[in-house]
Amino acid sequence: MKWLVAALAAVCVLAPSAHCADDTIAWCYHDPTCNDTTWPTIAAPFCNGTRQSPINIDTSAATGNSALGPFTFHNFNSTTAMTKIENTGKTIKVALSNVNVSGGDLSETYQSLQFHLHWGNGSSVPGSEHTVDGKRYPMELHIVNLRASFNGDTSLGIANSTGLAALGFFIEADDATSSASWQSLTSYLDNITLSGQSVAIAPGFSLDDLLTGVDREKYWRYLGSLTTPACNEAVVWTVFKDTVKVPSSLINMFSTKLHIFNTTSSPMMVNVFRNIQPNQAVTTQAASSTSKTCYSLGLLALSLALGRS
């Protein structure tokens with residue numbers, strides 16, 4: 001029965017419009033009695049599983065996979081795709097409408113449900129969930145996608161080993177960058193400072209706008225889990241190599257405006273990320289044999305030229 005309770009909790013976290021009467025698992029980030037050190041116990045059997053996320057991506061250990069081709073992102077350019085932003089008490093969640101993703105060696109088209117973020121405490125205290133060669137970034141954005149054949153039924157998604165596909169984007173502080181889209185997104189934070197508050201998002205900026213600067217044909221892939229209870233091992237993870245550049249002043253807003261409960265006296269929402277889990281096998285795009293050949297021929301030509309001089 002405990003696994004069923006955990007699964008129901010995961011549906012409440014995932015579904016953009018799901019209503020949950022109460023928190024079936026009392027997990028948290030801020031309190032040692034319910035933070036991620038306790039999840040393997042309070043949210044068993046999944047949070048103590050063998051395919052858990054997030055992980056440290058060891059770039060030297062990632063193996064090439066020629067099947068990891070480009071994605072097709074449907075309606076990522078739509079300025080009406082983001083419909084609502086909500087303070088969940090654990091993160092901010094943005095509901096998506098009429099958006100999907102395919103390709104990238106996914107088995108079918110996946111319906112994009114929502115995106116949310118993980119962060120530390122301002123731009124100087126990093127809070128991404130995944131790390132790369134031990135480096136943690138200030139924030140990480142996750143777009144959660146469900147197999148389209150499940151017709152929006154997230155309970156089917158969390159019960160299937162590849163039922164969900166998560167797209168992870170690192171966010172890096174860059175004060176030389178100006179971002180109208182991130183300015184627009186963070187402008188809503190003043191309206192959702194308390195847990196449970198939500199507000200409609202007006203048309204005007206798109207997912208593509210938020211992801212400016214990322215080459216979405218370069219990524220790492222592994223099979224993992226949800227990074228919050230119930231930690232269901234149902235996720236095909238794609239973590240993109242390029243970072244999204246956002247001014248530090250906007251990153252800082254997430255840890256200075258949002259409360260974890262529905263009172264202004266409750267703690268601020270900081271360090272909302274799960275710690276690193278044991279490594280999983282990671283793949284990435286296979287190196288082009290053509291580029292390797294050209295590089296080798298270039299070195300040969302250079303050496304011959306130097307030999308004649």
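This note goes through a predicted model point by point, from the whole chain down to single pairs of residues.

1. Overall make-up. The protein chain has 309 residues, and buried residues make up 49% of them. Its secondary structure consists of 7 helices and 16 strands. The accessible surface comes to about 13,500 Å², and carbon and sulfur atoms account for 54% of that area. If one takes the contacts in the chain with a separation of 6 or more, 73% of them are between residues 24 or more positions apart.

2. Strand E7 and its cover. A good place to begin with the strands is E7, which spans residues 110-119 and is mostly covered, since 9 of its 10 residues are buried. As general background, the strands of a sheet pair through backbone hydrogen bonds, and the pairing can be parallel or antiparallel. It is also useful to recall that in a regular strand the side chains alternate between the two faces of the sheet.

3. The partners of E7. Which strand is joined to E7 by 9 bridges? That strand is E10, residues 139-147, and the two run antiparallel; within this pairing, His116 has His142 in E10 as its bridge partner. Strand E5, residues 92-96, also runs antiparallel to E7 and is joined to it by 3 bridges, with Val94 standing opposite Phe115 of E7. Strand E6, residues 100-103, is joined to E7 by 2 bridges, again in an antiparallel arrangement, and here Val101 has Tyr110 of E7 as its bridge partner.

4. The turn between E6 and E7. These two strands form a hairpin, with 6 residues between them. A student following the backbone through the turn should look at Gly104, which has a positive phi of about 60 degrees.

5. A separate view of an open sheet. Strands E1, E8 and E9 make up an open sheet of 3 strands, in the order E1-E8-E9 and with mixed pairing. The edge strands are E1 and E9 (135-136), each of which pairs on one side only. E1 and strand E8, residues 131-132, run parallel and are joined by 2 bridges; in this pairing, Ile57 stands opposite Val132 in E8.

6. The disulfide of Cys28 and Cys34. The structure holds 2 disulfides, and a disulfide is, in general, a covalent bond between the sulfur atoms of two cysteines. One of them is formed by Cys28 and Cys34, whose sulfur atoms are 2.1 Å apart. The torsion about their S-S bond is about 100 degrees, so this disulfide is right-handed. Cys28 has a relative accessible area of 4% and is buried, and Cys34, at 11%, counts as buried too.

7. The disulfide of Cys47 and Cys231. Here the sulfur atoms are 2.0 Å apart, and the torsion about the S-S bond is about 75 degrees, so this disulfide is also right-handed. Why can one say that the pair ties together parts that are far along the sequence, 184 residues apart? Cys47 lies in the loop between helix H2 (39-42) and strand E1 (56-57), whereas Cys231 lies in the loop between strand E13 (219-224) and strand E14 (235-240), so the bond links these two parts of the chain. Both cysteines are buried: the relative accessible area of Cys47 is 2%, and Cys231 has a relative accessibility of 0%.

8. Aromatic pairs. A pair of aromatic rings is described by the distance of the centres and the angle of the planes. The count for this structure comes to 12 aromatic pairs. Among them is the pair of Trp27 and Tyr29, which is edge-to-face, with 5.4 Å from centre to centre and 85 degrees between the planes. Trp27 counts as buried at 9% relative accessibility, and Tyr29 is buried with a relative accessible area of 14%. Elsewhere in the list of aromatic residues, Phe71, Phe73, Phe76, Phe169, Tyr219 and Phe240 form one aromatic cluster.

9. Charges over rings. Two of the aromatic residues already named also have a charged side chain over the ring. Lys90 lies over the face of Trp27, at 4.7 Å from the ring centre. Phe73, a member of the aromatic cluster, has the charged end of Arg216 over its ring, 4.8 Å from the centre.

Definitions and conventions:
Residues are numbered from 1 along each chain as its sequence is written. This is a predicted model: local features need pLDDT of at least 70, side-chain atom pairs count only at pLDDT 80 or more; totals for chains, interfaces and linings use all residues. Side-chain values use heavy atoms; hydrogens and water are left out. Buried means under 20% relative accessible area, exposed over 50%, partly exposed in between (1.4 Å probe, protein chains only). Helices (H or I, at least four residues) and strands (E, at least two) are DSSP runs, numbered from the N terminus. Two strands pair if DSSP finds at least two bridges between them. A disulfide is a pair of cysteine sulfur atoms within 2.5 Å. Rings of Phe, Tyr and Trp (its six-membered ring) pair if their centres lie within 6.5 Å; planes under 30 degrees apart count as stacked, over 60 as edge-to-face and the rest as tilted. A charge sits over a ring if NZ of Lys or CZ of Arg is within 6 Å of the ring centre and within 35 degrees of the ring normal. Contact means heavy atoms within 4.5 Å. Accessible areas come from the Shrake-Rupley method with a 1.4 Å probe; for residues, only the protein chains shown count as cover.
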